[in-house]
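User: Got a model here that I'd like to talk through. Can we go over the core and the odd backbone spots?

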Amino acid sequence: MRDQLEQIKKEALKQIEASDALEKLNDIKVAYLGKKGELTNVLKSMKDVAPEDRPKVGQLVNDARAVIEGKLEETIAVLQKKVREEQLNKEVIDVTLPAKRSKSGHTHPNTIALEEVERIFVGMGYEVMEGPEVEYDHYNFEKLNIPKNHPARDEQDTFYISDSIVLRSQTSPVQIRAMEEGKLPIRMLAPGRVFRSDEVDATHSPSFHQIEGLVIDKNITFADLKGTLAEFAKELFGPETKVKFRPHHFPFTEPSAEVDVTCFKCGGDGCRFCKGSGWIEILGCGMVHPNVLSMSGIDPDEYSGFAFGVGLERIALLKYEIDDMRLLYENDIRFLKQF
Ligand code: DAH
């Protein structure tokens, strides 16, 4: 039995030494030390050993196990180290190689322009609000003093979901929603997408964006409107910018005006950019019509207000001197990354 154990031990050590892979060592461990391994077999045959010799044989088995285990562990450690070193050698990191460019996209010029406009008005105490893109005809037209058959509906022909529901043609209905909330005074800004049945060209799209503004309080006058928009234009286009109010007509404001700013390209002398006039139109505005106030439950004898509507794309095109609106919708990264 002693010889048999010696034999097993020698054979195990030989195999361990000859192993060049961790998996092989595991196989050896199972073959010799496992439940059905060689050493266990010897222990099982203990019943054939004379009782007085059993402790001795037990001791011999344990010694053999300890030697094999020791050798296994030692060899495993050596092999693991070798594997790690090989891996490290293989995975040399060349820190001089150029880094991979991360493609993280780019803020759209519309978004940049919107954030700029929001920043200016929030700085004046305005709150940013949102309204639905699918809107009641009632809010989009009727409550803005545009009854059925009013000619203003022609210019703002849009997409009808049903007789009473439309894709909003302007952000002005958010004015009504703000007034109906019933909290006064109001200083709100409402950006969003609008829709019209327009053909696509360099200055038109069936879907574009507007930013609506509304202020309602006691004693609001046209002077407040003028001062506010003059300040806005200076902040947006530079401190030299002047504004000009041209009389206009909007059904929901009285009086109404369109606002031009001095051309920021030529400073007002006239150039190709402003088509020689020195002025560029940027928005529509006016004093909220008394009918609109009373239809939304506000007493026009007590309160007054002004409103304005800006085309977001128009601002982006002007600010970044882009000459075709379609570029804004193509999402070509070579275009977008220029801003
Ligand atoms: N909603 C108008 C349009 O789409 C723009 C506008 C003009 C908005 C005057 C206003 C305003 O709030 O007072 O043409």
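Here is a short round of questions and answers on this predicted model.

User: Which helix or strand supplies the largest share of the largest nonpolar core?

Analyst: That core has 35 residues, and Leu229, Phe232, Ile282, Leu283, Cys285, Phe306 and Phe308 touch the most other members. Several elements supply at least two residues each, including strand 5 (207–217), strand 8 (279–288) and helix 9 (222–237). The largest share is six residues, and it comes from helix 9.

User: Which residues does isoleucine 282 touch, leaving out those up to four places away in sequence?

Analyst: Isoleucine 282 is one of the core members with the most contacts to other members. Leaving out those sequence neighbours, its contacts are Phe232, Phe237, Val259, Asp260, Val261, Val310, Gly311, Arg314 and Leu318.

User: Where does the proline of the cis bond after glutamate 254 lie?

Analyst: Glutamate 254 and proline 255 are joined by a cis peptide bond, with omega about -5°. Leucine 184 and proline 185 are also joined in cis, and proline 185 is found in the loop between helix 8 (173–180) and strand 4 (186–195). Proline 255, on the other hand, lies in strand 7.

User: Is lysine 275 buried or exposed?

Analyst: Lysine 275 isn't a glycine, yet its phi is positive, at about 55°. This residue sits in the loop between strand 7 and strand 8. The cut-off for exposed is over 50% relative accessible area; lysine 275 has 79% relative accessibility, so it counts as exposed.

Key: Residues are numbered from 1 along each chain as its sequence is written. This is a predicted model: local features need pLDDT of at least 70, side-chain atom pairs count only at pLDDT 80 or more; totals for chains, interfaces and linings use all residues. Side-chain values use heavy atoms; hydrogens and water are left out. A nonpolar core is a set of buried Ala, Val, Leu, Ile, Met, Phe, Trp, Tyr and Cys residues joined through side-chain atoms within 4.5 Å. Buried means under 20% relative accessible area, exposed over 50%, partly exposed in between (1.4 Å probe, protein chains only). Helices (H or I, at least four residues) and strands (E, at least two) are DSSP runs, numbered from the N terminus. Contact means heavy atoms within 4.5 Å.
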